[in-house]
Amino acid sequence: MEFTRNNNRQLLSKIATNDRHGENTPYFEGWKAYDSNPFHPTQNPQGVIQMGLAENQLCFDLIEKWLLENPDASICTAEGVDRFRDIAIFQDYHGLKEFRQGIAKLMGRVGGNRVKFDPNRIVMSGGATGANETVMFCLADPGDAFLVPSPYYAAFSRDLRWRTGLEIVPVDCKSSNNFRITRTALEEAYEKAQRSNINVKGVIIANPSNPLGTVLDKETMRSLVSFVNDKSIHLVCDEIYAATVFGSPRFISIAEIIQDMDCNRDLIHIVYSLSKDMGLPGFRVGIIYSFNDDVMNCARKMSSFGLVSSQTQFLLAAMLNDEEFVGNFLRESSKRLAKRHHVFTKGLERVGISTLKSNAGLFFWMDMRPLLKEQTVQAEIELWRVIINKVKLNVSPGSSFQCSEPGWFRVCFANMDDETVQVALERIREFMHQGKEEDGVSEKSKHWRKQNLRLSFSSSRLYNESLMSPHMISPHSPIPQSPLVRART
Amino acid sequence: MGLLSRKVTCNSHGQDSSYFLGWEEYEKNPYDEVKNPKGIIQMGLAENQLSFDLLESWLAKNPEAASFKRDGQSIFKELALFQDYHGLPAFKKALVDFMAEIRGNKVTFDTNNIVLTAGATSANETLMFCLAEKGDAFLLPTPYYPGFDRDLKWRTGAEIVPIVCTSSNGFQITEPALEEAYQEAQRRNLRVKGVLVTNPSNPLGTTMTRTELDLLLNFISDKEIHLISDEIYAGTVFSSPAFVSIIEVLKDRKLESSQVWERVHVVYSLSKDLGLPGFRVGAIYSNDPIVVAAATKMSSFGLVSSQTQFLLSAMLSDKKFTKEYLSKNHKRLQKRQNKLVSGLEKAGISCLESNAGLFCWVDMRHLLSSNTFEAEMELWKRIVYDVKLNISPGSSCHCTEPGWFRVCFANMSEDTLKLAMQRLKSFVSSITINNQSHQELKNTRRKNRNKWVFRLSFQSFHDREQEER
């Protein structure tokens with residue numbers, strides 16, 4: 001079949017056979033380490049703790065309570081089944097009116113009620129993943145490029161480029177000014193692209209930022225708007241983490257910024273989702289909100305390729321139109337995120353690890369530069385393997401976010417319970433103390449080199465292949481943590 | 001340099017504006033038994049509304065599926081978090097079993113080879129992304145589902161070249177037609193990557209014969225190209241001949257180890273068989289692991305909601321239910337199709353003999369003023385405005401012969417269908433009796449209508465596009 005396989009390969013598209021889906025990167029290696037040895041407080045206490053997954057698991061109790069109190073939000077219960085056939089039939093790409101109204105209200109609320117969002121401009125998509133890709137299809141042609149401030153969400157390289165044929169031009173941001181996006185950096189990146197004959201069609205940012213966990217300030221946002229306006233290029237704002245903001249400064253939607261600015265609104269587009277704010281990534285709710293009518297209409301037609309299940313629209317319509325519930329949920333979620341963030345960052349501080357000051361997102365940006373034997377990506381990856389192997393925490397190395405400075409790591413904190421938080425902190429404490437026991441900082445770095453780093457970094461490994469050295473595999477029984485896992489066998 | 005992509009401005013998602021005129025008219029004046037008995041009856045929508053009661057009664061007996069529970073335990077959190085593009089294992093298992101059951105269990109499907117997508121719309125597009133690119137073409141037998149122009153070509157850059165089928169042999173695919181299409185693609189400087197067929201056919205409502213399936217396999221084998229078999233209507237086959245999946249033919253011909261095995265891909269969905277288009281459940285089935293791997297990654301852009309996967313995994317795992325459902329559904333579809341066919345007969349209208357689908361392919365050539373597409377449009381407008389039935393003109397399905405229409409029967413009550421047939425009968429009678437004055441009347445009407453059509457804003461048609469098959 002070898003000849004056949006190769007032969008057949010040539011019959012496939014370039015997209016099917018290239019690497020632009022980006023899954024052969026360390027970001028996904030860490031996943032594998034966790035999958036083969038997942039932590040469980042009683043059944044696998046030595047397992048790897050998942051801290052590479054930006055999920056919000058802190059407020060399910062609130063949603064579950066609401067579900068119990070609102071059985072008619074489901075078209076399957078006795079209370080709701082009279083709506084079953086209408087909803088099961090409903091595939092209009094405009095989406096359920098009540099669903100759009102609920103989303104518009106939520107977005108308005110999350111933006112501090114300083115902007116009103118029009119439900120008729122709400123366009124659905126298959127998660128923010130689908131939304132970002134669709135927006136790119138609308139704004140640019142194969143070969144065009146978008147500027148993306150780094151560090152940025154690892155999967156942008158797939159979502160923005162893979163099937164669209166676009167390119168990403170990173171705009172490097174530095175720790176020296178807390179990774180702020182400067183006009184200078186934007187101009188520089190733009191000029192450089194122009195000189196290389198790369199046609200830049202726009203800028204895409206995530207606000208709040210993944211992986212930084214910071215919100216953009218008004219000045220930076222106005223500067224971005226003025227930049228794109230000057231160049232007549234687009235600005236796409238992925239506001240997926242908007243409601244994960246706690247404390248100050250508050251979240252400012254780009255919608256609010258353009259209210260007070262003279263700019264071409266046809267250049268401004270928002271991407272939103274319920275995957276982070278409400279912790280519902282499984283429901284695949286992505287939203288495109290464009291101020292450009294042509295883009296809105298085109299994106300709506302393209303939404304046929306990734307509509308939200310009408311069953312899900314119906315459920316969420318009921319939930320999001322319950323304003324009391326939403327208000328309470330947002331307040332409570334903020335509180336819990338703030339608390340969890342505080343516990344972690346203080347815990348790290350105590351053992352001498354600093355993090356970028358942040359007040360949003362489901363993660364913090366951890367500074368491990370002092371622990372690198374040298375300021376290189378290689379050293380960062382070595383340290384990362386130690387953190388996975390020895391400390392048994394799956395964190396994400398900054399290089400997978402295209403960070404221009406080695407030594408930073410994204411650490412997620414909202415996808416575990418309080419007990420696991422303590423275990424994670426304890427492991428970090430122990431790890432840092434061991435380091436301190438050996439004399440001084442230089443010894444600390446030697447300590448890492450002594451670790452068994454048999455794993456070689458190979459970017460050609462596919463996610464599905466087994467890439468574990470025997471050192472990494474610890475004997476364990478596959479403990480099902482949920483009925484869903486059980487179903488795999 | 002344009003501000004937007006070419007995809008926005010080119011409008012190449014194949015929208016026939018007249019096709020949507022019918023929709024527009026229906027939306028403005030929808031029939032309602034009580035509230036609007038003189039309104040337009042929707043017969044352009046291929047939906048299966050005949051068996052909801054069976055689904056509803058299953059729900060009543062299975063409250064756990066309704067409330068995110070399994071074995072008494074709430075799994076809401078796990079579902080809310082579940083976004084693995086490999087899909088819910090229990091759902092995939094239930095789905096492949098259901099697919100096998102529909103095919104009389106003559107074939108089995110491996111869960112490792114199935115990719116879940118947001119509807120067949122997404123499945124078809126995703127397969128295109130995997131198999132073709134700009135400069136490539138897929139051959140499709142005409143008439144075909146109008147949505148293919150968007151699904152297969154729009155964002156992928158691929159082209160469609162028609163395999164012309166005619167009424168001379170019941171619109172079956174012939175070898176000369178295949179060859180001619182292949183040559184045409186060459187003439188257009190397009191590289192042919194494969195053939196895509198819908199089996200059972202939309203809009204014909206027929207299952208493909210073994211001869212046709214063999215022909216296709218020989219053709220793709222010879223040309224070393226792909227075959228996509230969109231089997232979205234597989235579960236709507238209500239009378240003989242029985243449905244034969246392309247997978248069955250491959251097995252019967254013992255082609256599992258052949259080169260062609262990995263070049264045949266099946267598309268499926270629950271939108272027609274179970275009547276759940278709103279739930280967006282589609283699937284790609286392929287024996288090529290590279291295609292499966294690539295399509296799985298691409299499914300990130302349109303996964304099936306975990307809430308929906310969970311509900312349907314419970315429903316489709318209930319084998320007693322699926323058996324009963326399929327059996328009753330078939331009977332109801334057959335009964336309903338018979339009513340349409342006999343109603344048409346009474347109006348002196350025949351249709352292509354069919355045994356599947358949610359529609360009939362109706363022959364109104366004898367009602368055309370001339371054998372042209374202009375005359376087809378003219379007749380169609382009369383049917384929409386005067387007879388007040390929204391049916392789909394064959395030209396929108398790229399049929400090469402004027403006078404054919406697709407008429408749906410499974411998306412309305414029996415009474416509504418009866419009324420539709422009565423209206424049609426009256427209409428046909430009035431044509432036959434008043435042939436002379438009818439011609440004059442038509443001319444006047446045509447003048448008035450054309451004025452009206454141009455005044456309409458075409459933008460609103462595009463807004464009205466529905467997810468239609």
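The UniProt annotation "domain: Aminotransferase class I/classII large", taken from an unreviewed entry, is placed at residues 49-428 of chain A. In this predicted model, that stretch of chain A is 41% helix and 16% strand. Its end C-alpha atoms lie 12 Å apart. For chain B, the UniProt record gives the annotation "domain: Aminotransferase class I/classII large", again from an unreviewed entry, at residues 41-424. Here the chain is 42% helix and 16% strand, with 11 Å between the end C-alpha atoms.

Beyond the annotated ranges, each chain may be considered as a whole. Chain A contains 18 helices and 13 strands, while the secondary structure of chain B amounts to 18 helices and 15 strands. Of the 489 residues in chain A, 63% are classed as buried; in chain B, 64% of the 469 residues are buried.

The contact pattern and the surface can be described in turn. Among contacts in chain A with a separation of 6 or more, 75% join residues 24 or more positions apart. The corresponding share in chain B is 77%. Chain A exposes about 18600 Å², of which carbon and sulfur atoms supply 48%. For chain B the accessible surface is about 16700 Å², and 50% of that area belongs to carbon and sulfur atoms.

The overall form of chain B can be compared with a simple rule. A compact globule of 469 residues would have a radius of gyration near 23 Å, and chain B agrees with this because its own value is 23 Å. Along its principal axes, the C-alpha trace of chain B spans about 70 × 55 × 50 Å. Chain B carries 57 positive and 55 negative charges, and the mean positions of these two sets are 4 Å apart.

A closer view is offered by helix α3 of chain B, which comprises residues 52-61. Its buried residues are B:Phe52, B:Leu54, B:Leu55, B:Glu56, B:Trp58 and B:Leu59. An α-helix has 3.6 residues a turn, so residues three or four places apart point the same way. Against which elements do the buried residues of α3(B) pack? Within chain B, the partners are α4 (63-66), α13 (306-317) and α14 (319-346). The buried residues of α3(B) also pack against α5 (84-89) of chain A. The packing of this helix thus involves elements of both chains.

Definitions and conventions: Residues are numbered from 1 along each chain as its sequence is written. Chains are lettered from A and ligands numbered from 1 in the order in which they are written. This is a predicted model: local features need pLDDT of at least 70, side-chain atom pairs count only at pLDDT 80 or more; totals for chains, interfaces and linings use all residues. Side-chain values use heavy atoms; hydrogens and water are left out. Helices (H or I, at least four residues) and strands (E, at least two) are DSSP runs, numbered from the N terminus. The radius of gyration is taken over C-alpha atoms; the globule rule is 2.2 Å times the number of residues to the power 0.38. Buried means under 20% relative accessible area, exposed over 50%, partly exposed in between (1.4 Å probe, protein chains only). Contact means heavy atoms within 4.5 Å. Accessible areas come from the Shrake-Rupley method with a 1.4 Å probe; for residues, only the protein chains shown count as cover. Lys and Arg count as positive and Asp and Glu as negative; His and the chain ends are not counted. The place of a charge is taken as NZ of Lys, CZ of Arg, CG of Asp or CD of Glu. UniProt positions are given in the numbering used here, feature names are shortened, and annotations may be inferred rather than shown by experiment.
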